[in-house]
Amino acid sequence: MHITDSARLSYHYITESDADFLWELDQDELVMKYINGGKKSSKEDIQNIFIPRVQAFSNFAFGWGLWRVDKLDDGESIGWILVRPFGFFTQHPETDNIELGWRFKQSSWGKGYATEAALTVKEALYEIGVEKFSAIANPDNAASINIMKKLGMSFSHELEYKDKIFDETVVVYTN
């Protein structure tokens with residue numbers, strides 16, 4: 001799948017060669033606040049846990065994986081958009097319901113980049129036949145919930161999200 005540049009951003013499929021960028025993004029405690037309570041990722045965690053998890057659901061043809069987001073004006077990598085079947089790591093993954101997620105550098109917050117990127121990725125997926133989208137967030141993560149609403153999603157339900165790494169209550173928004 002290819003994602004065309006949006007007004008201010010370009011998109012590149014993330015591979016294990018992006019490990020340094022993934023690590024750099026996870027070094028901000030505020031970026032990690034609603035993911036794991038603010039704990040920074042080690043380089044070993046990126047290589048041995050994060051990248052294998054991403055590789056487990058990655059499928060370039062379907063657009064599943066992580067898409068690095070770069071600013072067009074200066075080329076800075078500012079974040080990523082996640083695309084995977086909803087509940088991929090649970091007992092009941094939904095391949096007809098695509099989960100969107102995002103993680104962005106704090107320096108890019110409040111400028112509409114995450115919304116622009118998520119809308120662009122959602123539209124690219126829609127063009128290849130995806131019709132149902134969902135997103136999850138910590139119930140206290142107002143910024144992510146706001147992005148979900150801008151994506152045309154509405155609150156669906158709370159969920160006890162549990163897999164080998166995560167065990168938490170999240171809110172689920174769907175379109």
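**View 1. The largest pocket of this predicted model.** Our tour opens at the largest pocket, whose volume is about 1,300 Å³. Its lining is made up of 50 residues, and those nearest the centre are Val31, Ile35, Trp80, Trp102 and Arg103. Helices and strands both take part: helix H2 (29-36), helix H3 (43-57), helix H4 (113-127) and helix H5 (142-150) each give two or more residues to the lining, as do strand E3 (77-86), strand E4 (94-104), strand E5 (133-137) and strand E7 (167-174). Sorted by chemistry, the lining has 27 nonpolar, 11 polar and 12 charged residues.

**View 2. The largest nonpolar core.** Here we turn to a set of 32 residues, in which Ile81, Val83, Leu100, Trp102, Phe104 and Leu125 touch the most other members. At least two residues of this core come from each of E1, strand E2 (65-71), E3, E4, H4, E5, H5 and E7. H4 supplies the largest share, with seven residues. A second core, separate from this one, has 13 residues, among them Leu22, Phe50, Val54 and Leu66. For context, nonpolar side chains in soluble globular proteins tend to be buried together.

**View 3. Around leucine 125.** Leucine 125 is among the members of the largest nonpolar core that touch the most others. Which residues does leucine 125 contact once its neighbours within four places in sequence are left aside? They are Met1, Phe62, Gly63, Val83, Ile98, Leu100, Val130 and Phe133. Two of these partners, Val83 and Leu100, are also listed with Leu125 among the core members that touch the most others.

**View 4. Phenylalanine 57 in helix H3.** Is phenylalanine 57 buried or exposed? Its relative accessible area is 2%, so phenylalanine 57 counts as buried. Setting aside residues up to four places away in sequence, phenylalanine 57 touches Trp64, Gly65, Leu82, Val83, Arg84, Phe88 and Phe89. One of these partners, phenylalanine 88, is 31 residues away in sequence, and the two C-alpha atoms are 7.3 Å apart in space.

**View 5. Arginine 53, also in helix H3.** With a relative accessible area of 15%, arginine 53 is buried because this value is under the 20% cut-off. Not counting residues up to four places away in sequence, arginine 53 touches Phe89, Asp163, Ile165 and Phe166. Phe89 is a partner to look for in the previous view too, as phenylalanine 57 also touches it.

**View 6. Serine 10 in strand E1 (residues 9-13).** Serine 10 is buried, at a relative accessible area of 8%. The side chains of serine 10 and histidine 12 make a polar contact at 3.2 Å. Beyond the neighbours within four places in sequence, serine 10 is in contact with Asp5, Arg68, Val69, Asp70 and Leu72.

**View 7. Aspartate 70 in strand E2.** Last comes a partner of serine 10. Aspartate 70 has a relative accessible area of 6% and is therefore buried. The side chain of aspartate 70 makes a polar contact with the side chain of arginine 68, at 3.0 Å. Leaving out residues up to four places away in sequence, aspartate 70 touches Arg8, Leu9, Ser10, His12, Gly75, Glu76 and Ser77. Histidine 12 lies 58 residues from aspartate 70 along the chain, with 8.1 Å between their C-alpha atoms.

Note on methods
Residues numbered from 1 in each chain as written. Predicted model: local features only at pLDDT ≥ 70, side-chain atom pairs only at ≥ 80, totals over all residues. Heavy atoms only, no water. 1 Å grid on protein atoms, 1.4 Å probe; cavity = no way out; pocket = protein on both sides within 12 Å on 5 of 7 lines; lining within 4 Å. Points joined across faces, edges and corners; volume = space filled by probe spheres on them. Helix = DSSP H or I, 4+ residues; strand = E, 2+ residues; numbered from the N terminus. Nonpolar A, V, L, I, M, F, W, Y, C, P; charged D, E, K, R; others polar. Buried < 20%, exposed > 50% of the residue type's maximum accessible area, 1.4 Å probe, protein only. Polar contact = N/O pair within 3.5 Å; in protein donor to acceptor, adjacent residues only side chain to side chain. Contact = heavy atoms within 4.5 Å. Core = buried A, V, L, I, M, F, W, Y, C linked by side-chain atoms within 4.5 Å.
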